[in-house]
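This report describes one protein chain, beginning with its overall composition and then turning to its sheet, its residue pairs and its backbone geometry. The sequence and the structure are shown below.

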Amino acid sequence: MRFPRSWRLLAGPAALLALAPGALASALGPARLPSPERGLNLLVVGTDSRTGVTAAEKERFRLGGQDCDCADVIMLVHVSAANDRISVVSLPRDSLAELPGPHTDRRTGAVHDTHLAKINAAHAEGGSALAVETVEAATGLAVHRYLEIDFRRFMDTVDRIDGGVPICTAKPLKDPATGLDLAVGTRRVGGGEALQYVRSRKADGEMDFGRIRKQQKFVVNTLDRIRAGGILGDRTELRALAATLRGTAAAERGLSATELLALATRLKAVGPSRTEFATVPVRGFNPLVEGVGSTVGWDEEGAAEVFARLAADRPLPPGDAVAPSEVSVADYAPARGSSLICP
């Protein structure tokens with residue numbers, strides 16, 4: 001799939017928290033968070049790495065199997081230049097993308113030219129650097145900072161939130177693959193159960209699109225708990241939470257610990273009503289690609305409109321402003337964060 005040249009030309013100046021300044025913070029990257037004229041673009045990637053997960057946790061939370069170090073969660077987060085609005089666009093992991101070349105496959109040492117692949121394979125092949133480059137090429141947006149979260153850091157971060165994070169459902173959700181088994185209503189969960197929830201793609205018949213919606217709801221409710229629990233006003237607790245989330249791994253344009261803290265401070269007053277969540281518009285599934293398999297095809301016109309809005313530092317276009325697809329597998333309809341809060 002080739003992306004329109006106009007997308008690539010949109011790359012003008014275009015969730016989360018951190019360690020105290022010091023030697024370790026310096027080692028983790030720059031200490032000054034950039035302030036682009038048209039907003040800050042942060043790429044958040046959740047990988048399926050199980051490093052540090054115990055055998056007991058793998059069994060209890062159904063985390064077995066071999067990881068591919070792929071990106072199971074890909075969220076492009078745009079923070080407005082005025083720091084008064086956050087727009088989040090999820091990119092389905094099976095989206096067909098061009099992985100820019102030449103690049104060296106970190107698994108084999110082979111050098112690849114530009115080639116088609118699922119977008120989540122960029123991380124597996126080239127780590128954070130190729131993941132950033134691939135998303136920039138696909139969206140036409142500059143990625144200013146990158147945040148990567150694996151299974152261990154996700155679980156530990158959730159476990160640091162006193163009382164857990166609420167998850168809710170209007171219908172029973174049961175997924176034999178992840179062990180998710182939710183009755184109707186709201187309950188608070190710790191890290192392991194939270195991971196089951198955000199990984200589940202067989203509970204509601206909506207596959208990866210249903211999983212994306214669960215991930216977005218979880219982000220909103222996590223931030224709401226952090227705000228309601230007073231963590232943003234407790235510098236010591238905030239640093240500890242952010243240190244857990246950020247970890248110490250190096251990454252291309254990685255969000256440093258001190259930048260994470262600065263971002264939390266900038267956005268302290270931005271409540272759920274000033275956040276919006278959407279999935280990039282899609283037109284359906286592509287014909288099988290040899291060596292790649294079944295992939296999701298973006299609605300090029302609709303996606304271009306979404307990324308043009310972010311490039312101009314404007315809110316996401318409403319659903320009726322994006323041209324409907326002939327074979328839509330998921331309706332594009334941005335949701336306010338306030339509408340995703342669990343009762």
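## Overall composition

The chain exposes about 14600 Å², and carbon and sulfur atoms supply 52% of that area. The model is a predicted one. Of the 343 residues in the chain, 55% are buried. The secondary structure comprises ten helices and 16 strands.

## The six-stranded sheet

Six strands form an open sheet with mixed pairing, in the order E8-E1-E2-E3-E13-E16. Its edges are strand E8 (145–149) and strand E16 (335–336), each of which pairs on one side only. Within the sheet, strand E3 (residues 86–90) and strand E13 (residues 275–279) run parallel and are joined by five bridges. In one of these strands, E13, Ala278 is the bridge partner of Val89.

A helix also packs against this sheet in the sense of lying across some of its strands. Helix H4 (residues 121–139) lies across strand E1 (40–47), strand E2 (71–79) and E8. Relative to E8, helix H4 runs at about 135°.

## Aromatic pairs

A pair of aromatic rings is described by the distance of the centres and the angle of the planes. A search of the whole structure finds two such pairs. In the pair of Phe154 and Phe218, the ring centres are 5.6 Å apart and the planes stand at 40°; the pair is therefore tilted, since this angle falls neither under 30 degrees, as stacking would require, nor over 60, as an edge-to-face arrangement would. These two residues belong to distant parts of the chain, 64 residues apart: Phe154 is in helix H5 (residues 151–159) and Phe218 is in helix H7 (residues 207–228). Both Phe154 and Phe218 are buried.

Trp298 and Phe307 form an aromatic pair that is likewise tilted, with 5.9 Å from centre to centre and 50° between the planes. Trp298 has a relative accessible area of 1% and is therefore buried. Phe307 is also buried, because its relative accessibility is 0%.

## Disulfides

Two disulfides are found in a search of the whole structure. With the bonded cysteines of the chain numbered in sequence order, the pairing is 1-2, 3-4. One disulfide joins Cys68 to Cys70, with an S to S distance of 2.0 Å. The two partners fall into separate accessibility classes: Cys68, at 37%, is partly exposed, whereas Cys70, at 10%, counts as buried.

The sulfur atoms of Cys168 and Cys342 lie 2.2 Å apart in the other disulfide. The torsion about its S-S bond is about -85°, so the disulfide of Cys168 and Cys342 is left-handed. This pair links distant parts of the chain, 174 residues apart, with Cys168 in strand E9 (residues 165–169) and Cys342 in the segment after E16.

The accessibility of the four bonded cysteines is set out in the following table.

| Residue | Relative accessible area | Class |
|---|---|---|
| Cys68 | 37% | partly exposed |
| Cys70 | 10% | buried |
| Cys168 | 10% | buried |
| Cys342 | 11% | buried |

## Backbone geometry

Most residues other than glycine have a negative phi, and most peptide bonds are trans. Several sites in this chain may be read against that background.

The peptide bond from Gly101 to Pro102 is cis, with omega near -5°. Pro102 is placed in the loop between strand E4 (96–99) and strand E5 (103–104).

Asn83 is not a glycine, yet its phi is positive, at about 55°. This residue occupies the loop between E2 and E3, two strands that are neighbours in the order of the open sheet. Asn83 counts as partly exposed because its relative accessibility is 23%, and the buried class ends at 20%.

Asp313 likewise has a positive phi, near 60°, in a residue other than glycine. The loop that holds Asp313 lies between helix H10 (300–311) and E16, and E16 is an edge strand of the sheet. At 17% relative accessibility, Asp313 falls under the 20% limit and therefore counts as buried.

How values were computed:
Residues numbered from 1 in each chain as written. Predicted model: local features only at pLDDT ≥ 70, side-chain atom pairs only at ≥ 80, totals over all residues. Heavy atoms only, no water. Pairing = 2+ DSSP bridges. Helix = DSSP H or I, 4+ residues; strand = E, 2+ residues; numbered from the N terminus. Contact = heavy atoms within 4.5 Å. Axes fitted to C-alpha atoms, helices over the stretch in contact; angles between N-to-C directions. Phe/Tyr/Trp six-rings, centres within 6.5 Å; stacked < 30°, edge-to-face > 60°. Buried < 20%, exposed > 50% of the residue type's maximum accessible area, 1.4 Å probe, protein only. Disulfide = S-S within 2.5 Å. Areas by Shrake-Rupley, 256 points an atom, 1.4 Å probe, with all protein chains shown as cover.
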